[in-house]
Amino acid sequence: MEGEVKLDILKNRTGKSAEIPKDYSPEAFRENIATVDASGKRVWIYPKKPSGRLHRARAIVAVVLLAFLFSAPLIKIGGQPMVLLNVFERRFVIFGQAFWPQDFILLAITLLTFFVFIILFTVVFGRVWCGWACPQTIFMEMVFRKIEYLIEGDMAAQRRLARAPWTFDKIWKKTLKHSIFVGISLLIAHTLMSYLIGIEATWKIVNESPKDHLAGFSGLLGFTGIFYGVFAFFREQACIAVCPYGRLQGVLLGRDSIVVAYDWVRGEPRGKLRKNAVTVQDQGDCIDCTLCVQVCPTGIDIRNGTQLECVNCTACIDACDDVMIKIGKPTGLIRFASYNSIKNGIQKIWNGRVAAYSVVLLLLLVGLSAALVTRSDVETTFLKVSGTLYQREPGYITNLYNAEFVNKTFEDITLELRVEEPAYAELHKVDGGTVSVPAEAMSKSVYFIKIPEDKVTSARTVVRVGVYRDGEKIDNLKVKFIGPVTHAGAVRR
Ligand code: SF4
Ligand code: SF4
């Protein structure tokens, strides 16, 4: 019986005449995905147009996020882009602050913090990210799918159009839809390029001959093709088969995680609503209308329980709430709830796993804050010239060093190095003067340190050097000075 119900649902969704395979089992959803049939072919999903309270809320969130996504590359802070992620030149600007490859520890801690936050958030609230904030879902459900509904109509009309011969009506609808899809993909590709190389460089590619910007032009075409392919054809498969976050749900979700869930205690045994009977004594609240399945963009039946394919888009909640209102039952047969809250009526958020992840997140946040506070605008590397030990000059021992200065700011700076201790050590720049480092650039210099021969009493002397910018100390360096003294304390002559 249940197997037949599921095949009916499949038939309703796809419009295909489904026959019950001999080995079909009601538990088949555990072994198969809804978008692939028994022969391995893709089952195209025609989800019913969603509507309702949560859908409206998601639409508002989507508009805000899309506005941010498209406007961020245009916004400048202190003359610098708000966000620039130039992986090609390894130059990153976030909220007007430049980050260099030298800040990789900061980047590593930030990424770790982000991952632990996502894990903690998922353990507690399931895939809220997927349904509400993921660009794939937002573009698919709130942009491309909306255009599709506008041009081709709702589920049934789309299915009819797909089966119809290539008449004028079908040709113009398909042409219009795909032209708009290509246009939006172009816009997304240009926006992505602006994040990577900046709005000015992207504008140049657009305005000048492709011959002068072959790599950039090819990149734009490539991105456009990928976005068009994903949103016009690949669709939900990106979430089901490609997204690593989706695949991790099996290990992240627990029985206390709050996910989009069907209240099987209240809903089962399901059964059709009988005429002239609002309630049937031995029947649950689910009237088996399959609307929750028809609206699902990943083609699953949430009544089978939490599944890998569910992106928490909430369309089934809205659809079921609508049904419940119509039949005079309380809403929330499908709702945000945990397995334990449905089974035992206990909603517990705090447990051992959540506590452990929270502690790790807290430690990482402390580390990240410390790294941000102690981050300097200038990165100095001061190393002995490779292959050298020490040199002698009358009355002195000298060591030669290569210095490298990275200016992470957007203005030219002048730096000076001074010995802090020991007081008898002298520091000299080989070509004299101070160091000028242009904005967002690197500068190299050669220095030597000299110490009176009679003061060199060990094989290694630590010399402390201060880095000064406009008279203000901005960094401390600990430099090793090698002298002609053996480890036993004897002076080499
Ligand atoms: S929409 Fe609600 S009532 Fe209809 S089949 Fe789904 S769970 Fe049952
Ligand atoms: S089961 Fe519900 S929440 Fe999950 S993807 Fe389908 S419609 Fe969206």
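These legends go with close-up views of a predicted model.

**View 1. The surroundings of ligand 1.** Start with who lines the site: Tyr262, Cys286, Ile287, Asp288, Cys289, Thr290, Cys292, Arg303, Cys320, Met324, Leu333 and Ile334 sit around ligand 1. Sorted by class, that shell comes out as nine nonpolar residues, one polar and two charged.

**View 2. The surroundings of ligand 2.** Here 13 residues make up the shell, and the closest to ligand 2 are Cys296, Cys310, Cys313, Thr314 and Cys316. There are no charged residues around ligand 2; the shell splits into ten nonpolar and three polar.

**View 3. Inside the largest nonpolar core.** This core counts 30 residues, and the ones touching the most other members are Val260, Tyr262, Ile302, Cys316, Met324, Leu333 and Ile334. Four elements each chip in at least two residues: helix H4 (128-132), strand E6 (259-262), helix H14 (291-294) and helix H15 (315-326). H15 gives the largest share, with seven residues. Separate from this core is another one of 24 residues, including Ile397, Ala425, Ile449 and Leu477.

**View 4. Zooming in on Cys316.** You've met Cys316 already, among the closest residues to ligand 2 and among the core residues that touch the most other members. Which residues does Cys316 contact once its neighbours within four places in sequence are left aside? They are Val260, Cys292, Val295, Ile302 and Ile334.

**View 5. Helix H2 and its two sides.** H2 covers residues 53-71, and its 19 residues should span 27 Å at 1.5 Å a residue; the end C-alpha atoms are 28 Å apart, so the two figures agree. Leu54, His55, Arg58, Ala62 and Leu66 are the buried ones in H2. Look down the axis of H2 and these buried residues fall within an arc of 100°, so they line one face of the helix. That fits the usual α-helix geometry: with 3.6 residues a turn, residues three or four places apart point the same way. The buried residues of H2 pack against H4, helix H5 (135-152) and H15. Over on the other side of H2, Arg53, Arg56, Ile60, Val63 and Val64 are exposed.

**View 6. Ser386 out on a loop.** Find Ser386 in the loop between strand E8 (378-384) and strand E9 (391-393). Is Ser386 buried or exposed? Its relative accessible area is 67%, and because anything over 50% counts as exposed, Ser386 is exposed. Ser386 and Cys313 are 73 residues apart along the chain, and their C-alpha atoms are separated by 59 Å.

How values were computed. Residues are numbered from 1 along each chain as its sequence is written. Chains are lettered from A and ligands numbered from 1 in the order in which they are written. This is a predicted model: local features need pLDDT of at least 70, side-chain atom pairs count only at pLDDT 80 or more; totals for chains, interfaces and linings use all residues. Side-chain values use heavy atoms; hydrogens and water are left out. A residue is near a molecule or strand if one of its heavy atoms lies within 4 Å of it. Ala, Val, Leu, Ile, Met, Phe, Trp, Tyr, Cys and Pro count as nonpolar, Asp, Glu, Lys and Arg as charged, and the others, Gly among them, as polar. A nonpolar core is a set of buried Ala, Val, Leu, Ile, Met, Phe, Trp, Tyr and Cys residues joined through side-chain atoms within 4.5 Å. Buried means under 20% relative accessible area, exposed over 50%, partly exposed in between (1.4 Å probe, protein chains only). Contact means heavy atoms within 4.5 Å. The expected span of a helix is 1.5 Å times one less than its number of residues. The arc is that of the directions from the helix axis to the C-beta atoms.
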